[in-house]
Amino acid sequence: MKKSNLCFQLVACSLILGFVRAVTLELREGNSTCIKADLSASFSITYNTTNTSTTVEVDLPDSTTVDQGSSSCGSDGRPVSLVGVFGPGHTLGLFFSNNGSMYSVNMLSIQYNLSDSALFPLANSSDVVTVMTESVGMWAWLNTTYRCVSPASIPVGGATVTFSGVKMEAYMTQEDLSPVESVCTADQEGTTAAPTTPSPTTTPVPAPTPQGLPEQGTYAVTKGNGSCLMARMGLQLNITYTSQSKNNTVQEVVNIHPNLTTASGTCGASISTLVLDHEGNTNISFTFTLNTTSNKYHLSGLVLVANWSDMSGKSNSSTDPDVLRPPQFIPLMDVMGVVLWFPSEPVSVSNSNLAYLTSVLGRSYSCNSEQSLIITEAVSINTVRLQVQPFAVISNQFATAVECQIDQDQMLIPIVVGAALSGLVLVVLIAYLIGRKRSNAGYQTI
């Protein structure tokens, strides 16, 4: 049995038997619920005593209540947030954002009161300490419940929060948690795969109809009064899927038309996302990650969801490419490792371990040549005339670009050829002069 599977089962059993304390927090506005969370959490907090430092382990007690003054549904102009309070001034805060398709916990905060001698004996301070982080990694599709039974530890300043048994939804449109769930990767690894369906008779995949170069589109994500992410690129999809009408595997090459595409997304300190919706039936999400140590960023994740009329319900997930799910349930995985199960039949693929389009903070990335961004063996995205800058955009303008290696090589080829021809001409000229000198030496005056 895999370790992740064992871990999943142990956590699930402990929740059932009551070994892990579960807390329900619900924020209401008027007669409606906007955020609800069922979860267990424990804190590991290091603090200073008179002579040394010590670490305490604290569980989130079931007496935790919602801090109505600090929490918000967002209608008052404050960030959408759910803050639980317990003991003498201890809090756990979850702050949410959404990009029109998905919502996420974009900030996690902890506040603890060192004057609480029951939790922090011999503390050399009575301060109320607040720490927070933007690296949370909880994502879900709107109108779905985020579910993660498996434990997940998140460093927050000098503390660590470990969540388990989480079922949570923000931006709710109904009174209770949605029955449709976005399931974290850890839980997916711990569940038994659905039975495989025998593969149909293998037939050669027909060659796709040739397409011209895609038109270059300009896309942007705004924050405040300006753009925080900018992109110019031509996009072409290359998808292999099972055709319902033909009952076999086909390959399609489809150009993305900018005038039929809308852009949205989010910008963060270290993660930015561009989401493109094409004709309402194709959704592409680009996730860029910034390494704050090296100050380099890259395209780290891609999600493609295509719900075309002739597609069957085969999942091409990068973590499970060969399993046919029951036709009424198709898994949809986002770039942060969240899997959605819902009653539909799109082709949905993702890969969150990519390293494309690398550049330096403060500069854009440019590549005029055609590139292939491979998500899975069956799905890739071709780009041409691409320029992108997901961080540090100033005055809605691209910064100086770092050119891709292909463009650099193509610029180098004519230089090398020119140098070689110049060298050849020089060799011929030298040979001619030497030959002429020898010829004149043979006719000396007597």
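**Entry 1. Cavity lining**

I began with the largest cavity and sorted its lining by class: eight residues are nonpolar, three are polar and none is charged. The model I consulted is a predicted one. I then listed the lining residues, which are F43, I45, V58, F86, H90, T91, I110, Q111, Y112, L119 and F120. Two or more of these residues come from each of β2 (32-48), β6 (90-98) and β7 (102-113). I noted that β7 gives the largest share of this lining, with three residues. The volume of the largest cavity came out at about 50 Å³.

I searched the whole structure for further enclosed space and found two cavities of 30 Å³ or more. Rolling a probe the size of a water molecule over the atoms shows where empty space is left.

**Entry 2. The second cavity**

Which residues line the second largest cavity? I recorded A231, M233, L274, F286, F288, L357, L373, L386 and V388. By class, this lining has nine nonpolar residues, no polar ones and no charged ones. The strands β15 (226-243), β19 (282-291) and β27 (379-389) supply at least two lining residues each. I entered about 30 Å³ as the space in the second largest cavity.

**Entry 3. S272**

I looked up S272 next and placed it in strand β18, which spans residues 271-278. Is S272 buried or exposed? S272 counts as buried because its relative accessible area is 0%, and the cut-off for buried is under 20%. Leaving out residues up to four places away in sequence, I found that S272 touches L229, T266, C267, F286, T287, F288, P390 and F391. Two of these neighbours, F286 and F288, I had already entered in the lining of the second largest cavity. For P390 I also noted a polar contact: the side chain of S272 reaches the backbone oxygen of P390 at 3.3 Å.

**Entry 4. T376**

I located T376 in the loop between β26 (371-374) and β27. Its relative accessibility is 12%, so T376 counts as buried. What lies 3.2 Å from a polar atom of the T376 side chain? I identified the backbone nitrogen of A378.

**Entry 5. Positive phi values**

I checked two residues for backbone angle. Y171 is not a glycine, yet its phi is positive, near 55°. I placed Y171 in the loop between β12 (159-170) and β13 (181-184). With a relative accessible area of 22%, Y171 is partly exposed, since the buried class requires a value under 20%.

N295 likewise is not a glycine and has a positive phi, of about 60°. N295 sits in the loop between β19 and β20 (296-306). I recorded 36% for the relative accessible area of N295, which means that N295 is partly exposed.

**Entry 6. The chain as a whole**

How many helices and strands does the chain have? I counted three helices and 28 strands. The chain has 446 residues, of which 45% count as buried. I computed the exposed surface of the chain as about 22600 Å², with carbon and sulfur atoms supplying 55% of it. Among contacts in the chain with a separation of 6 or more, 58% are between residues 24 or more positions apart.

Methods. Residues are numbered from 1 along each chain as its sequence is written. This is a predicted model: local features need pLDDT of at least 70, side-chain atom pairs count only at pLDDT 80 or more; totals for chains, interfaces and linings use all residues. Side-chain values use heavy atoms; hydrogens and water are left out. Helices (H or I, at least four residues) and strands (E, at least two) are DSSP runs, numbered from the N terminus. Buried means under 20% relative accessible area, exposed over 50%, partly exposed in between (1.4 Å probe, protein chains only). Contact means heavy atoms within 4.5 Å. Accessible areas come from the Shrake-Rupley method with a 1.4 Å probe; for residues, only the protein chains shown count as cover. On a 1 Å grid over the protein atoms alone, a cavity is a set of points where a 1.4 Å probe fits but cannot get out, and a pocket is an open set with protein on both sides within 12 Å along at least five of seven lines; lining residues have an atom within 4 Å of a point. Grid points are joined across faces, edges and corners, and a volume is the space filled by probe spheres set on the points. Ala, Val, Leu, Ile, Met, Phe, Trp, Tyr, Cys and Pro count as nonpolar, Asp, Glu, Lys and Arg as charged, and the others, Gly among them, as polar. A polar contact is a pair of N or O atoms within 3.5 Å; within protein, one must be able to donate a hydrogen and the other to accept it, and residues adjacent in sequence count only if both atoms are side-chain atoms.
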